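Student: Could you take me closely through one part of this model, the place where two neighbouring helices meet, and then follow the side-chain contacts outward from there?

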Amino acid sequence: SNPFEVKVNRQKFNILGRKTKNDVGLPGVSRSKAIRKRTQTLLKEYKERGKANVFKDKRFGEYNTKISPEEKMIRRFALERQQNYGKKNIYNLNEDEELTHYGQSLAEIEKLNDIVDSDSDTEEKGTLSAELTAAHFGGGGGLLRKKASSGHQDEEEEKPKSRKELLEEMIAKSKQEKQERQTQRENALDLTEKLDNDWKEIQTLIARKPPKSKDKEVEKPKPDEYDMIVRELGFEMKAKPSERMKTEEELAKEEQARLQKLEADRLRRMHGIDEEANKKKPSHVSADDLADGFILDKDDRHLLSYKDGKINLENEDEEEKDREEGRRKAEEEEDGKEDNESEEESEEESANEDEEDDAADSHSDLESDLESEEDATGDKEQEKHQKNENESQKLEELDPKIKAAKSELPYTFAVPESFETFKSLLAGRPIEQQLTILERIQKCNHPSLAVGNKAKLEKLVGFLLDYIGELATPDLPELRTIDKLVLPLYNLCQMFPEAACDRIKFILRDAAHDMEEIIEVKGRATLPGLDTLIYLKIISLLFPTSDFWHPVVTPAFIYMSQLLTKCRITTLQDVIKGLFICCLFLEYVSFSRRFVPELINFLLGVLHISLPKKQAQGYAVVHPFTPVGKNLELLLVCDKQDLESWQKQNLPLSTVTGFKESSRTEMNHIRLSCLALCFDLIKKCAVLYESLPSFHEIMRPLHTLLIHHVPVKEYPEKLQESYHSALKELEGKVKHYTPLVCEKKKPVPLKQYTPKLVKVLEFGRKQAGSKKEQERKQLIRRHKRELKGAIREIRKDNQFLARTQLSEIMERDSIRKRKVKELLGSLATQEGEWKAMKRKKRE
C-alpha cells in the first residue's frame with residue numbers, strides 16, 4: 001500500500017482510560033469488503049428480480065442454524081426409515097415388499113388374466129365368434145376354406161364359395177342377429193309397460209283407496225294471497241334497455257336535414273311543381289313481361305253501355321282526360337318545348353290546309369278525300385283547344401298554392417353578415433315569426449355542422465342585442481317583443497358565453513364613457529334611456545348575480561351605483577328610472593344579501609322630495625339630492641281630489657320614455673304611485689338587511705324621516721297601509737347581533753427586579769438526571785446513529801445499483817455498436833462487389 005494513502009487519526013491529547021478506534025486506516029480495504037458483500041447479496045437479488053421459480057429446500061433442518069450437520073443427518077435418516085417402516089411393518093421379517101401400480105399388485109398384473117372386451121354389440125361381452133376371428137385375425141384364409149355340411153349337405157364335395165359371397169353371407173347373418181336382438185328388446189319393453197299398468201291397478205286395492213274417477217273434477221285449493229303476489233311479481237314487466245340517447249351533434253344534423261327537406265318542398269310548391277312530377281316515368285314494358293309486380297292503384301274498370309245501338313264512350317273519354325292530366329303533371333318541366341312543337345305543328349297544318357283549299361279548287365275528283373282530311377284536322381284542333389283549357393284550369397288551381405308557398409316562411413336561413421341584413425329579416429314581422437326565424441337560424445347553422453358556424457352565431461348575439469336596443473328607443477317601445485326575444489338570447493348566451501360577455505361589457509363600457517364625458521362637459525349627467533335600463537335587466541336574467549365577482553355583473557353593479565349617485569334628479573321620469581334601478585339592485589342582491597348604501601340613500605332622497613319645504617330637518621341628504629333647490633317638491637301632492645281618486649297600481653315601464661298629453665291628475669297619480677313603490681322598497685330592504693349587525697344604524701335616517709316628517713294623514717288609505725307596513729318592518733326587527741367587546745387578555749405584569757436563575761450548561765458533557773431519563777436519551781442517541789447509518793447504507797446500495805445498471809447499458813451499447821459496424825461493413829463489401837460486377841458487365 002502507498003504510505004501517502006494511509007489515513008492516521010491523531011489526537012491532540014492522550015486521555016487515560018479512553019479507548020481509541022481506527023487510529024490507522026488503510027484506504028480501500030473496508031470499501032472492497034463492502035463491495036464484495038454487496039456483490040454476493042444485493043447484486044444476486046438484482047439479477048434474480050424477474051424470476052418466478054425459486055428452488056426451496058424442504059429438507060429437515062436446512063435453514064435451522066441451531067442444529068449441527070451431524071444431528072441433521074441423523075434426524076433425516078430416522079425420518080426416512082420411519083416413512084418406509086411404519087407401524088404396519090412392525091412384525092415384517094425383512095420379506096420382500098409387495099410392489100403396486102395404481103392400487104393393483106404387480107404380481108397379479110404379470111399373470112395376464114385380463115378379459116379383453118369386444119367392441120361388438122353382442123350381449124355376451126368378452127367372447128368372439130369363430131368366424132369373426134377367422135375373418136379378421138386369420139388373414140382371410142378361413143373364408144376360402146371348404147365348410148363341411150351339418151347334415152343337410154351331401155357328402156359330395158361342393159365348389160368353394162368366392163370371397164364376395166362369403167362376406168355377403170356374413171353381413172346378412174350379422175343383420176339378422178341384430179334384428180333379433182331389437183325384437184327381443186321391444187318385447188321386453190312391452191312386457192315392462194304391461195307389468196307397470198297391472199301394478200297401478202293392484203296398488204289402489206292394496207292401499208285401500210277408491211280409484212280416481214275421471215268424471216269428477218278435484219277441487220284445487222285456492223292460492224294464498226302471498227302466492228298470488230309472488231305470481232304477479234313473476235309476470236311483471238321487466239326493465240328493457242331503452243334506445244340510446246342521441247348526442248347534440250346528431251340532433252343538430254337531424255334537425256338540419258328536416259328543415260332542408262321542408263324548404264325543398266316549399267320551393268317546389270312555390271314554383272308550381274307537384275310531387276307526382278318527381279316520380280319516375282313508367283319504363284318500357286316488353287311483350288315477354290309477365291307483370292309479376294303489377295298492382296292496381298285504383299279500380300279503372302267501367303261498365304259497357306249502349307246508346308241508340310252504339311257503345312257509349314263518354315266514360316272512356318273522361319278516363320283518357322284524367323290520364324292526360326296525370327301525364328301533364330309529370331311533364332310540366334317540358335311544357336315550353338311542347339308549346340313550341342305545337343306551334344310548329346299548327347303552322348304546318350295551316351300550310352297544309354291552304355294547299356288543300358287550292359287543291360279543292362283545281363281538283364274536284366278528290367273532294368271526298370279532302371273532306372276526310374278536314375275532319376281529321378278538325379278533331380286535332382279540338383284536342384289542342386281542350387288541352388289548352390286544361391292547362392289554364394291547372395294553373396288557376398296551382399295559383400293559390402304558389403301564393404301560399406311564397407307567403408310561407410323559409411325553413412332554412414343563413415346567418416346574416418351585417419346588422420342591416422338581420423334587421424331586414426325581423427322587421428315588420430309578428431313576434432311568432434321572429435322567434436321562428438331565430439330558432440331556424442340556430443338550427444341550420446349549429447356549430448357542430450360546419451367549421452365557421454361558431455363565429456357566425458357569435459355575431460348573431462351582438463345583432464340581437466342591438467335589435468333589442470332599437471326596439472326600446474322609440475316613444476312607444478315594443479316591450480312585449482323584447483320580452484319574447486330574451487329566450488333566444490338566453491340560449492345563445494348559454495352556447496357562447498364568452499361572446500355574450502364581451503358584447504355586454506362593450507355596451508356597459510360605452511354607457512359609462514358617455515356618462516363620464518357628459519359630466520366633464522356639463523358638470524352633471526342624466527339617467528340613461530330605456531335601452532340601457534333594459535340591458536341591465538337582461539344581465540340579471542343571463543348571468544348569475546350572486547357571485548362575489550363576475551366579469552359582467554360586477555361592472556353592471558358599479559355602473560348602477562354610479563347612476564344613483566352621479567345623475568341629478570330633475571324630472572319625474574328620472575325618479576321612475578331611479579326606482580327601476582333600485583328594483584334591479586334588490587333583484588341582484590336577493591341571494592347574496594350584499595349591502596348597497598346607494599340604494600338606501602336614493603330611497604331617502606325620494607322621500608325627501610315628497611315633503612314640503614322646511615327649514616329645520618333632522619336627517620342628512622346625500623348627493624344627487626340637495627337640501628335646497630327648485631326640485632325639492634317634485635313628488636309633493638296637495639290636491640285632495642287627486643289624493644282621494646288615486647288607486648294603487650304598478651308603474652308602467654313605458655312612462656320612462658315620456659308623458660304624452662297627461663293631465664295634472666294623472667301626473668299626481670304617478671307621483672303617489674312612486675311613493676307607494678318607495679314604501680314597498682323600504683320594506684324589502686328591511687327584510688333583506690335584518691341580519692346585518694348595524695341594521696338600526698343604517699335604517700335610522702329612514703326611520704326618523706318616516707316618523708317625524710312624512711304627512712301620513714293626508715295620504716290615501718292604500719298609501720297609508722304601505723307606509724305602516726314599511727314602518728312596522730323597520731321597528732319590529734330585534735337586534736340579533738352581539739355588541740362589540742374587546743378581547744380578554746391576561747394583564748401585563750409589572751416589571752420585577754428579582755434576578756432570574758439560569759442553569760449554566762457545559763458544552764460536551766451529559767447532563768445529570770434520573771435513570772429513566774438517561775436511558776431515554778441514550779436510546780434517542782442510538783436511534784439517531786442507527787438511522788444515519790441506515791440512510792448511508794441505503795445511499796451506497798443505490799449508488800452500487802446505479803453503477804451496475806450503467807455498466808449493463810454500456811455493455812449493451814458496445815455490443816450493438818459492434819453489430820452495427822459489422823452489418824455496415826458487410827453492406828459496404830456487398831456494395832463494392834456489386835459495383836465491381838456492374839463495371840465488369842459494362843466493360
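Tutor: In this predicted model, the residues Ile 504, Ile 507, Leu 508 and Ala 511 of helix 17 meet Thr 532, Tyr 535, Leu 536, Ile 539 and Leu 542 of helix 18. Sorted by character, the residues of this contact comprise eight nonpolar, one polar and no charged. Helix 17 covers residues 497–522 and helix 18 covers residues 530–542, and their axes, which come within 11 Å, cross at roughly 145°. The crossing of helix 17 and helix 18 is left-handed.

Earlier in the sequence, helix 14, which spans residues 431–444, holds Gln 442. With a relative accessible area of 13%, Gln 442 falls under the 20% limit and is therefore buried. Once neighbours within four places in sequence are left aside, the contacts of Gln 442 are Leu 457, Pro 488, Asn 491, Leu 492 and Met 495.

Turning to the aromatic rings, the count comes to seven aromatic pairs. One of them joins Phe 557 and Tyr 588, whose ring centres are 6.4 Å apart and whose planes stand at 45°, so the pair is tilted. This pair links distant parts of the chain, since Phe 557 belongs to helix 19 (residues 553–566) and Tyr 588 to helix 20 (residues 572–588), with their positions 31 residues apart. Both Phe 557 and Tyr 588 are buried. Another pair, formed by Phe 595 and Tyr 689, is edge-to-face, with 5.4 Å from centre to centre and 75° between the planes. Here too distant parts of the chain are linked: Phe 595 lies in the loop between helix 20 and helix 21, Tyr 689 lies in the loop between helix 23 and helix 24, and the two are 94 residues apart. The partners of this second pair are to be described separately as regards exposure: Phe 595, at 31% relative accessibility, counts as partly exposed, whereas Tyr 689, at 1%, counts as buried. Ring pairs also link Phe 422, Phe 463 and Tyr 467 into a cluster.

Phe 557 has a charged partner as well, for the charged end of Arg 594 sits over the ring of Phe 557 at 5.3 Å from its centre. A similar arrangement is found at Tyr 46, where Arg 49 lies over the face of the ring, 4.1 Å from the ring centre.

Further along the chain, Leu 730 is found in helix 25, which runs over residues 717–731. Leu 730 has a relative accessible area of 5% and is buried. Not counting residues up to four places away in sequence, Leu 730 touches Ile 682, Ala 686, Phe 695, Met 699, His 703 and Leu 706. For one of these, Phe 695, the separation along the chain is 35 residues, while the C-alpha atoms of Leu 730 and Phe 695 are separated by 9.3 Å.

As a background to these individual sites, the protein chain has 26 helices and six strands. Of its 843 residues, 23% are buried. Among contacts between residues at least 6 apart in sequence, 70% join residues at least 24 apart.

Conventions: Residues numbered from 1 in each chain as written. Predicted model: local features only at pLDDT ≥ 70, side-chain atom pairs only at ≥ 80, totals over all residues. Heavy atoms only, no water. Axes fitted to C-alpha atoms, helices over the stretch in contact; angles between N-to-C directions. Helix = DSSP H or I, 4+ residues; strand = E, 2+ residues; numbered from the N terminus. Left-handed = near helix turned anticlockwise from the far one by under 90°. Contact = heavy atoms within 4.5 Å. Nonpolar A, V, L, I, M, F, W, Y, C, P; charged D, E, K, R; others polar. Buried < 20%, exposed > 50% of the residue type's maximum accessible area, 1.4 Å probe, protein only. Phe/Tyr/Trp six-rings, centres within 6.5 Å; stacked < 30°, edge-to-face > 60°. Lys NZ or Arg CZ within 6 Å of the ring centre and 35° of its normal.
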